[in-house]
Amino acid sequence: MGDCHGCAAATIARPPVQSRRHIVAIVGPPNSGKSTLFNRLTGLRQKVANFPGVTVEHRMGRVKLEAGREIYVVDLPGVYSLSPRTEDERVTHDVLCGTMKELPRPDAVLLILDSTNLSRHLILAAPVLSLGLPTLVILNMADDLERRGGDIDSAELAMQLGSPVALVSAAKGSGVDKVFQFLSGTTLGAAAKPPLTELPVIQDIPKCRAWAASVGTKTNYQAPAPPLWTRRLDALFLHPIAGPAVFLLVVIAVFQTIFKGARPIMDAVQTAIQSSGLWFGSMLPDSALRSLVVDGIWSGVGSVVVFLPQILLLFLFIGILEDSGYLARAALIADRTMARFGLQGKSFIPLLSAYACAVPAIMATRTIENKRDRIATILIAPFMTCSARLPVYILIIAAFIPEKPLLGVFFGTRAAALLGLYVLGFLAAILTARLLKSTVLRTSRSSFMLEMPPYRWPTVRSLGLRLVDRSRVFLRRAGTVILAVAVVIWVLAHLPLSGGKTPPIEHSLAGMIGHTAESAIAPLGFNWKIGIGLITSLAAREVIVGTLGTIYGMEGTSQSVGLQQALRQDLTPGGAAALLVFFAFAMQCMSTIAVVRRETAGWRWPAVQFAYMTVLAYACAFLTNRVVSIWF
Amino acid sequence: MQTSFKKKPKAPKRNPGARNLTELKHGESGIIERLDLPEEDSRRLMELGFLPGHVVTPGHSAPGGDPRVFRVDGSEVALRRETALKLILR
């Protein structure tokens, strides 16, 4: 197994070049405040990136120093040790040893430790210091330590470790000037001093812990009193009765906000995009180019931007839940239920959000540290009935299912059908989760270990930066793929040109594909018109409603009586039921595909997912058509 | 400490006096003797503070008592019941 002996020698051979860019790595255990410090140092001058071939994400930022100099800071994943067993640890290890291809070996390290939990966090100091890089040991949450009656002789700790030590509160900003001083020194080429205490064998945790304890004793470390407010709040939030009640309230609040609360904002954004598109179109001459710009690019980009309010609201919520410490408690409460499906507590909030939209849900799986659990959650999230499926469901149900009361006036046949579709998606999700977790994504049940951080007030600064960061990631990374696909779909629906004009959709490439594919989709009870709709709905599921409206020459909305009648005449009940089932299971959403590619750092998982969902949708739609056709 | 005891992959007869984490009553503390878990899981637990010789105290739990939060080495960590069963006390 790789430890860092080999790379220690490489430091000495490094040529002292002054003009190249300097990189400093931030290393620390989870919950030590790494990201807060990183945000404090870089502000908005940061970007998120993935190392090639790994799902681990790192953030790179520029820090402005005096005299116009600047230095790059890289925020590495939170780790307890450098033994490269998990992907997070491997990435951290490789970056620090300089074996990561994308990144030169850092010039220095900021080792950030939670000062309120120092005896345990000091364990990480042993392997990091043995790298021989100039290191600043940052004792974070120094304000908490002082308030709760803890103490440490930081000068003595610096002596013992042979590295400068800074008492810092990254959240409040106190002591951060010492970090800037250290960074300034780094650009001048400071060298590391060997530590005074002999470092322990870094692979042996009990020895490392004993070493940390001895360092703690020598530096008069007084552990702080237990966090009083955390104990009080846990007595409420983890109370056998009040706990689940609070949990339910939080869940309802999240669901309402992203499902209902985001609606008006999303509608406003949509209207703004449409009217600006029309205005923009009126400036261009009536041509295929205008159609490409307005119908292809503008509405393609619009179909992405329209998700933004939902994403921002969800991440505001998740930000508050995570930064305050409640998310860990929510995961604890949800764990038993999720464990039945082979998942874990942290999958709950992302899957709940998937009922609004799979895109923010998949982005929200970042809170799941276990990679296999995270991938499993990403793979099942699109089965949850998202709001884009609703217009399709409502149209088909209204066209084919007569309204009859089942349980009084409030629950009729149509509501039952809609509920049935929600249940169908949910069942597909949990059965897929079971399948994945018992085969390719198996984890041991005892791998669930959840640290409960003390409760803290979330800061506006950190919430704001998180929102800006998520928006950037979504718009830039997912946006480029979605834009490309939107243009392709426009080309399919509007070419070849006939006499310089775009043809009616049945004569377009999509129409030809729809006709050609008719033999493939006929067993499902679909005709070529539905075939065209399946192609255009890749842009977003609800687009099929508008497309069918165009083809039948009717108003393209769910409530359109003309469209409902046209469908009734053109589609068998079996075909209609099959269409509902197809939409329940198929991954008809390029935004989801793009975001899965981004979050899993490659095309492998989105390809597997798309194939699996399409095959499942096809098979179940086929069966549905057959079974329903027997009775109707 | 019985270090030789740890080396055996599975002791056929369990020490009848050996208790595990799930047997601790509310407010009662215990000292960890060993971790009967695969290498990877026990390493992660040790990094979180579940080391032989450390004091553990059970705390709140999810409804139904599983998973439960344990206080150990200055932190609070939630474990599922099947994990807690494998942490043997002195």
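This passage walks through a predicted model, from the overall make-up of chain A to selected residues in chains A and B.

Chain A offers a good starting point. Its secondary structure consists of 28 helices and 10 strands. The chain has 632 residues, and 54% of them count as buried. Its accessible surface amounts to about 26700 Å², with 66% of that area belonging to carbon and sulfur atoms. When contacts between residues at least 6 apart in sequence are considered, 72% join residues at least 24 apart.

The early part of chain A can be followed step by step. Arg21(A) sits in the loop that runs between α1 (5-13) and β1 (23-27). With a relative accessibility of 41%, Arg21(A) is classed as partly exposed, because the partly exposed class lies between 20% and 50%. On the surface, Arg21(A) joins Lys47(A), Arg472(A) and Arg476(A) in a patch of positive charge.

Further along, the loop between β1 and α2 of chain A holds Asn31(A). Here the backbone deserves a second look. Most residues other than glycine have a negative phi. Asn31(A), which is not a glycine, has a positive phi near 65°. Asn31(A) is also partly exposed, since its relative accessible area is 40%.

Helix α2 of chain A then spans residues 34-42, and its buried residues are Lys34(A), Leu37(A), Phe38(A), Asn39(A), Leu41(A) and Thr42(A). A helical pattern helps in reading such a list: an α-helix has 3.6 residues a turn, so residues three or four places apart point the same way. Just after α2(A) comes Gly43(A), with a positive phi of about 60°.

Chain B has backbone features of its own. In the loop between β2 (55-61) and β3 (68-72) of chain B lies Pro67(B). The peptide bond between Asp66(B) and Pro67(B) is cis, with omega about -5°. For comparison, most peptide bonds are trans.

The next loop of interest, between β3 and β4 of chain B, contains Asp73(B). Although Asp73(B) is not a glycine, its phi is positive, at about 50°. Asp73(B) counts as buried because its relative accessible area is 17%, and the buried class covers values under 20%.

Strand β4 of chain B, residues 75-79, includes Ser75(B). At 5% relative accessibility, Ser75(B) is likewise classed as buried. Setting aside neighbours within four places in sequence, Ser75(B) is in contact with Leu48(B) and Phe70(B) from chain B, and with Asn117(A), Arg120(A) and Glu451(A) from chain A.

How values were computed. Residues numbered from 1 in each chain as written. Chains lettered and ligands numbered in written order. Predicted model: local features only at pLDDT ≥ 70, side-chain atom pairs only at ≥ 80, totals over all residues. Heavy atoms only, no water. Buried < 20%, exposed > 50% of the residue type's maximum accessible area, 1.4 Å probe, protein only. Helix = DSSP H or I, 4+ residues; strand = E, 2+ residues; numbered from the N terminus. Patch = residues over 30% accessible without salt bridge, like charges linked within 9 Å, V, L, I, M, F, W, Y side chains within 5 Å. Areas by Shrake-Rupley, 256 points an atom, 1.4 Å probe, with all protein chains shown as cover. Salt bridge = Lys/Arg side-chain N within 4 Å of Asp/Glu carboxyl O. Lys, Arg positive; Asp, Glu negative; His and termini not counted. Charge placed at Lys NZ, Arg CZ, Asp CG, Glu CD. Contact = heavy atoms within 4.5 Å.
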